[in-house]
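Me: Could you take a close look at one part of this model for me, the central sheet and what packs against it? I would enjoy a connected walk through it rather than a list.

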Amino acid sequence: MDLLDRVRRDVDRNARRARNGVKLVAGVDRPKLGQTPKDVVWARDRVELWRYRADGPRRSPPLLIVFSLVSRSYVLDLRPGNSFVEHLLDAGFDVFLLDWGAADERDADNTLEDYVDDYLPAAVDRVLEVAGTEEVNLLGYCFGGVLSLLYAAHHPEAPLRSLTTMATPVDFSDFGVFSRLVEEGHVDLDTILDDDGNVPPSAVRESFRLLKPTGDLQQYATLLENVWNDEYVTAYQAMNRWSNDHIPFPGAAARQSVEMLIRPNGFVNESMRLGGDQVSLRDIEVPYLNVMACRDHIVPPATAAPAVDLVGSEEKDELQLDAGHIGLVVGRTAAKVTIPTIIEFLAARTEEAVA
């Protein structure tokens, strides 16, 4: 590159830096998120079941994605070209997503049983009805994976063709700051609850920030280096919006998670109970895939890895990728490795779409 070309490039980048800097500060031109067309096919209280639209025939049985209780599900459909849902649709899957909505005072008494034994079974039944099938493939992300494991274990007769969990904690013996915060005598969960009886979004957001205190500084430093890059700035805006867009954690379910899962390490010690019944992951027998991220600071590999041994399925496998918590579903690693691997696993458990 000769001197004139370098000067032109630098002038262009400086102009972009100025324009994008103003855009970031002013908060304008924010990218639209979650744009893949979908229909609400079932709803109860704040919970909605979405079916994403697809042109042409779809694979069978359908795929039901269960998302976390504490963050927004649009991260799975972030932007066109960077969407987990979009990749699944392109591969011919019939994609449903169970979105829990934002809990309010009406949900403060919601227990894990409400989600695992009520909402989830009802949603599965509706998927079967809408898709006209007798089974579903179930995929749980983060705490949605915890709910999916509890559902599959507590309902061994559930009509599941397969189960996949992603970035899902099962061994809470060293769950980082979360374990230390809720150890006996450290933090009383009731002191965190908001006036509506739920764990407020601010508490959820700050607990995640405690896991990586320098994370924001690193992001800002990288942003400054790339503020001239329009695509990078748009991607940053999308991810920054999602990472700060947490929702309340229903108080009763949060309390149970601490008292039955985290403190006693309920999955590993098989002390977890729902509705008076002991729940053991060894009762899960459907084909199982556990997906983990090596650089996951929220659900480290040591926390997620034991799942493949705890689950009773004969056919089971794990995938550990060089990615972060969100990198499993968003970004280049997701597009090149994670998503194709999950698609391959699911494709082996679905019939080809017939025109």
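**The sheet and its surroundings**

Reply: Happy to. The protein's secondary structure comes to 13 helices and 10 strands, in what is a predicted model. Of its 355 residues, 52% count as buried. Among contacts between residues at least 6 apart in sequence, 78% join residues at least 24 apart.

Let us begin with the sheet itself. It is an open sheet of 8 strands, in the order β1-β2-β4-β3-β5-β6-β9-β10, with mixed pairing. Its edges are β1 (38–44) and β10 (316–321), each of which pairs on one side only. On average, neighbouring strands of this sheet are turned by 20° against each other, direction ignored.

At the β1 edge, β1 and β2 (residues 47–52) run antiparallel and are joined by 6 bridges. One pair to look for is W42, whose bridge partner in β2 is L49. The two strands form a hairpin with 2 residues between them, and D45 in the turn has a positive phi of about 55°.

Following the chain on from β2, you come to P61, in the loop between β2 and β3. A cis peptide bond joins S60 and P61, with omega about 0°.

Further into the sheet, β3 (residues 63–66) and β5 (residues 136–141) pair in the parallel sense over 4 bridges. Here I65 stands opposite L139 in β5. Helix α4 packs on the sheet, touching β3, β5, β6 (160–166) and β9, and its direction makes about 140° with that of β5. Helix α13 (residues 332–347) also packs on the sheet, with β3, β5, β6, β9 and β10 as the strands it touches. The direction of α13 makes about 165° with that of β6.

How does the chain pass from β5 to α4? C142 lies in the loop between them. C142 has a positive phi of about 55° although it is not a glycine. With a relative accessible area of 13%, C142 falls under the 20% cut-off and is therefore buried. By contrast, C294 is partly exposed, at a relative accessible area of 38%. As for cysteine cross-links, the structure holds 0 disulfides.

Now for α4 itself, which covers residues 143–154. At 1.5 Å a residue, its 12 residues should span 16 Å, and its end C-alpha atoms are 16 Å apart, so expectation and model agree. The burial of this helix is worth a pause: 12 of its 12 residues are buried, so α4 is largely enclosed by the rest of the structure. Its buried residues include F143 and G144, then V146 and L147, and, towards the other end, Y151, A153 and H154. In general, an α-helix has 3.6 residues a turn, so residues three or four places apart point the same way.

A153 leads us to a loop from another part of the chain. S280, found in the loop between β8 (277–278) and β9 (288–293), touches A153 and E270, not counting residues up to four places away in sequence. With E270 there is also a polar contact between the two side chains, at 3.0 Å. S280 has a relative accessible area of 9%, so it counts as buried. E270 counts as partly exposed because its relative accessibility is 28%. E270 sits in the loop between α10 (266–269) and β7 (273–274), and its phi is near 55°, a positive value in a residue other than glycine.

Past the loop that holds S280 comes β9, one of the strands that α4 touches. This strand is mostly covered: 6 of its 6 residues are buried. In a regular strand, side chains alternate between the two faces of the sheet. Here Y288, N290 and M292 point one way from β9, while L289, V291 and A293 point the other way, and all are buried.

What does β9 pair with on either side? With β6 it pairs in the parallel sense over 4 bridges, and the bridge partner of L163 in β9 is Y288. β9 also runs parallel to β10, to which 6 bridges join it. A bridge partner pair to find there is A293 with L321 in β10. That brings us to β10, an edge strand of the sheet, and to the end of the tour.

Note on methods
Residues numbered from 1 in each chain as written. Predicted model: local features only at pLDDT ≥ 70, side-chain atom pairs only at ≥ 80, totals over all residues. Heavy atoms only, no water. Disulfide = S-S within 2.5 Å. Buried < 20%, exposed > 50% of the residue type's maximum accessible area, 1.4 Å probe, protein only. Expected span 1.5 Å × (residues − 1). Polar contact = N/O pair within 3.5 Å; in protein donor to acceptor, adjacent residues only side chain to side chain. Contact = heavy atoms within 4.5 Å. Pairing = 2+ DSSP bridges. Axes fitted to C-alpha atoms, helices over the stretch in contact; angles between N-to-C directions.
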